[in-house]
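Q: I'm new to protein structures and would like to learn how to read one. Could you walk me through it, one feature at a time?

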Amino acid sequence: MQKRLTAFSATASALLLTLSIATHAEAGMYRYTDESGQIVISNTIPQQATKRGYDILNSNGRVEKVIPPAPTEDEIAVREAEKQRQKELAVQRENDAQLLKRFSHPDQAIRAMHRKLNELRGLIQLKRGNISVISSQLDNEQSRAANMERSGQKVPDATLDKIRRLESQIRDIEREISWQTQETDSLIQSFEADIKRLEKVTGETRTLSLDPVNTVD
């Protein structure tokens with residue numbers, strides 16, 4: 001009786017061992033390096049060990065999949081920097097393509113710049129002429145009002161309103177001139193950047209001066 005029990009126990013233990021091995025094989029085995037640098041094969045893997053990378057083994061002990069180490073902070077920073085660089089390059093390529101649609105040679109951009117500048121400067125000059133005309137009218141109205149005051153007469157409200165209106169017109173035109181002067185400076189900076197970029201993209205060097213005086217249209 002005792003022998004039969006012992007044999008049954010051995011058989012049961014062997015069966016449990018077989019089932020355990022089969023379960024582990026189905027679940028997969030891991031091969032990793034522990035903190036002391038030793039290679040470990042186990043059906044479980046510590047969280048810290050996953051960061052160092054590991055192998056997944058099949059039931060035959062062969063490598064089924066290789067999980068690389070988690071990237072370090074420096075590696076992540078390098079990857080992000082490269083992503084940003086590629087993004088900037090893509091934007092630059094698109095900008096270059098749009099620029100080449102407008103101009104095929106730096107000299108074309110220079111001519112376009114001079115045309116725009118001449119238009120803006122012409123408008124500014126016209127507005128300065130308007131200020132001169134309005135200023136003359138204002139001087140006349142102010143002189144007339146001053147003469148009335150000296151003679152003891154009351155300056156009509158219509159005259160005072162006209163003086164204020166003329167002063168307001170001058171201020172408005174001066175603001176427009178200030179804005180257009182700033183626009184001129186921005187235009188020059190933008191075109192000069194485009195011209196420089198065109199020289200690099202096309203490999204062509206400008207032959208015209210940036211000074212409109214020396215430019216042949």
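What follows is a conversation about reading this predicted model.

Q: Let's start with the overview. How many helices and strands does the chain have, and in what order do the elements run?
A: Begin by listing the pieces. Here the secondary structure comes to five helices and four strands. Going from the N terminus, the order is α-β-β-α-β-β-α-α-α.

Q: Next, the sheet. What should I look for, and what is the order of its strands?
A: The general idea is that strands of a sheet pair through backbone hydrogen bonds, either parallel or antiparallel. In this model, four strands make an open sheet in the order β2-β1-β3-β4, and the pairing is antiparallel. At the edges sit β2 (39-42) and β4, each of which pairs on one side only. On average, neighbouring strands are turned by 20° against each other, direction ignored.

Q: How many bridges join β1 to β2?
A: Four bridges join that antiparallel pair. If you follow the chain between them, β1 and β2 turn out to form a hairpin with five residues in between. Look at Gly 37 in that turn: its phi is positive, about 90°.

Q: What about the hairpin of β3 and β4: which residue there takes a positive phi?
A: That's Gly 61, with a phi near 85°, and this hairpin has five residues between its strands. Strands β3 (residues 54-57) and β4 run antiparallel and are joined by four bridges. To see one pairing, find Asp 55, whose bridge partner in β4 is Val 66.

Q: And how do β1 and β3 pair?
A: Strand β1 (residues 29-33) pairs with β3 in the antiparallel sense, over four bridges. Try tracing Tyr 30: on the β3 side Ile 56 stands opposite, and on the β2 side Ser 42 does. The next residue, Arg 31, has Asp 55 as its bridge partner in β3.

Q: Which side chains of β1 are buried?
A: As a general idea, in a regular strand the side chains alternate between the two faces of the sheet. You can see that along β1: Tyr 30 and Tyr 32 point to one face and are buried, whereas Met 29, Arg 31 and Thr 33 point to the other and are not.

Q: How many residues of strand β4 are buried?
A: Zero of the five residues in β4 (residues 63-67) are buried, so this strand lies largely in the open. For the chain as a whole, buried residues make up 21% of the 217 residues.

Q: Now the helices. How far does α4 reach, and how does that fit its number of residues?
A: A handy check is to set the span from first to last C-alpha against what is expected at 1.5 Å a residue. Helix α4 (residues 106-150) has 45 residues and reaches 65 Å, close to the expected 66 Å. Helix α5 has 46 residues and reaches 66 Å, close to the expected 68 Å.

Q: Which residues with positive phi follow these helices?
A: Gly 152 follows α4, with a phi near 85°. After α5 comes Gly 203, whose phi is near 75°.

Q: Which residues have the most contacts inside the largest nonpolar core?
A: In soluble globular proteins, nonpolar side chains tend to be buried together. The largest such core here has 13 residues, and those with the most contacts inside it are Phe 103, Ala 109, Leu 187, Phe 191 and Leu 198. Both α4 and α5 (157-202) supply at least two residues of this core. The largest share, six residues, comes from α4. Zoom in on Ala 109: apart from neighbours within four places in sequence, this residue is in contact with Phe 103, Phe 191, Ile 195 and Leu 198. There is also a second, separate core of 12 residues, including Ile 131, Ile 134, Leu 166 and Ile 173.

Q: Last one: is Asp 194 buried or exposed?
A: The cut-off for buried is under 20% relative accessible area. Asp 194 counts as buried because its relative accessibility is 18%. You'll find Asp 194 in helix α5. Setting aside neighbours within four places in sequence, Asp 194 is in contact with Leu 99 and Arg 102.

Key
Residues are numbered from 1 along each chain as its sequence is written. This is a predicted model: local features need pLDDT of at least 70, side-chain atom pairs count only at pLDDT 80 or more; totals for chains, interfaces and linings use all residues. Side-chain values use heavy atoms; hydrogens and water are left out. The expected span of a helix is 1.5 Å times one less than its number of residues. A nonpolar core is a set of buried Ala, Val, Leu, Ile, Met, Phe, Trp, Tyr and Cys residues joined through side-chain atoms within 4.5 Å. Buried means under 20% relative accessible area, exposed over 50%, partly exposed in between (1.4 Å probe, protein chains only). Contact means heavy atoms within 4.5 Å. Two strands pair if DSSP finds at least two bridges between them. Axes are lines fitted to C-alpha atoms, for helices over the stretch in contact, and angles run from 0 to 180 degrees between N-to-C directions.
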